[in-house]
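User: I'm a first-year student and I'd like a close look at one part of this protein: how a helix sits against its surroundings. Could you start with the cysteines, then walk me through it step by step?

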Amino acid sequence: MARYFDVHPVNPQRRSIDQAVELIRSDGLIAYPTDSCYALGCRLGNKAGLDRIRQIRHLDDRHHFTLMCRDFSQLGQFVHVDNAVFRAIKAATPGSYTFILPATTEVPRRLMHPKKKTVGARIPDHPVAQALLDRLGEPLLSSTLLLPDQEEPLVHGWDIKERLDHVIDAVLDAGDCGTEPTTVVDFSQGEPEIVRHGAGDPSRFE
């Protein structure tokens, strides 16, 4: 059964965050809130966790997973960003954007797009997600919590626990964080291409 943490959306309790981080470090898979929907998350090197996300969401190997990063310096360890792209992304973070970028050698090959060698990366603007990333000290491998039989992501922690109780290890419930996923911007060719219109204002990249 998944552990259930009722966390404050603005001032998350340190004890709950620490316990969730211990689960992540022990190769657990959690559901947690972001500034754009709930997400599934596990440690970057957790191959079994990656496989569990694929199974839960029915994803193929062409799906872009997201590295949820604490800040820009951490993001820069895992993706290649030139000066022009740096300025564009810096101005939009933290926020509800996912950026598709060429991966560095720090990213396990199984997380990259098999042909493009790219990965999604983002910096969330949510206190609970930021507290997790701060205590963990490394990115979270993440994917929007959108189940294959649903048109919109799940928004209630109790509903997530009820549906995924035996396939994830913890739920951090910080209340409703919306159903609109991130705006996805592909910078892999240098120029921005909006792949998905979502919660982040796309006009700055159009």
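How many disulfides does the structure hold? And after that, which residues bring helix α1 and helix α5 into contact?

Analyst: Happy to help! Keep in mind throughout that this is a predicted model.

The cysteine question has a short reply: the structure holds zero disulfides. We can see why by looking at C37. Its closest cysteine sulfur belongs to C177 and lies 6.6 Å away, which is too far for a bond. A disulfide would need the two sulfur atoms within 2.5 Å of each other. C37 is also buried, with a relative accessible area of 0%. C42 is in no disulfide either, and the nearest cysteine sulfur to it, in C69, is 14 Å away. Like C37, C42 counts as buried, at 0% relative accessibility.

Now for the helix pair. Helix α1 covers residues 14-25 and helix α5 covers residues 127-136. They pack at an angle of about 60°, with their axes 9 Å apart. That angle makes α1 oblique to α5. If you rotate the model to look at the crossing, you will find that α1 passes α5 in a right-handed way.

Which residues make that contact? From α1 come R14, I17, D18, A20, V21, I24 and R25, and from α5 come V128, A131, L132, R135 and L136. Sorted by class, this contact has eight nonpolar residues, no polar ones and four charged ones. Here is a handy piece of background for reading such a list: an α-helix has 3.6 residues a turn, so residues three or four places apart point the same way. Try going back to the list with that in mind, for example with V128, A131 and L132 in α5.

Next, consider α5 by itself. V128, A129, A131, L132, L133 and L136 are buried there. A residue counts as buried when its relative accessible area is under 20%. Beyond α1, the buried residues of α5 pack against four strands: β2 (30-33), β4, β7 (140-144) and β8 (170-173). Just after α5, G137 takes a positive phi of about 80°.

A positive phi also turns up at the loop that follows α1. D27 sits in the loop between α1 and β2, and its phi is near 65°, a positive value in a residue other than glycine. With a relative accessible area of 33%, D27 is partly exposed.

We can follow one of those partner strands, β4, a little further. T66 belongs to β4, which spans residues 66-68. T66 is buried, with a relative accessible area of 12%. Leaving aside neighbours within four places in sequence, T66 is in contact with T98, G120, A121, R122, L140, L141 and S142. Ahead of β4 comes a loop that starts from α2 (47-57), and L59 is found in that loop. At 18% relative accessibility, L59 counts as buried. Its contacts, not counting residues up to four places away in sequence, are I53, R54, F65 and S143. L59 and P148 are 89 residues apart in sequence, and their C-alpha atoms are 9.0 Å apart in space.

For contrast, look at the loop between β5 (97-102) and β6 (118-122), where K115 is placed. K115 counts as exposed, at 76% relative accessibility. The C-alpha atoms of K115 and R62 are separated by 8.6 Å, with their places 53 residues apart along the chain. K117 is in the loop between β5 and β6 too. Its phi is near 60°, a positive value in a residue other than glycine, and K117 is partly exposed, with a relative accessible area of 32%.

K117 leads us to strand β5, since P102 lies in that strand and touches K117, along with F78, V79, H80, T118 and S188, once residues up to four places away in sequence are set aside. P102 is partly exposed, at a relative accessible area of 25%. One last stop is the loop between α4 (83-91) and β5, where P94 is found. The peptide bond from T93 to P94 is cis, with omega near -5°.

To retrace the main path: α1 and α5 pack at about 60°, and the buried residues of α5 pack against α1 and strands including β4 and β7.

Definitions and conventions:
Residues numbered from 1 in each chain as written. Predicted model: local features only at pLDDT ≥ 70, side-chain atom pairs only at ≥ 80, totals over all residues. Heavy atoms only, no water. Axes fitted to C-alpha atoms, helices over the stretch in contact; angles between N-to-C directions. Helix = DSSP H or I, 4+ residues; strand = E, 2+ residues; numbered from the N terminus. Parallel < 35°, antiparallel > 145°, perpendicular 65-115°, else oblique. Left-handed = near helix turned anticlockwise from the far one by under 90°. Contact = heavy atoms within 4.5 Å. Nonpolar A, V, L, I, M, F, W, Y, C, P; charged D, E, K, R; others polar. Buried < 20%, exposed > 50% of the residue type's maximum accessible area, 1.4 Å probe, protein only.
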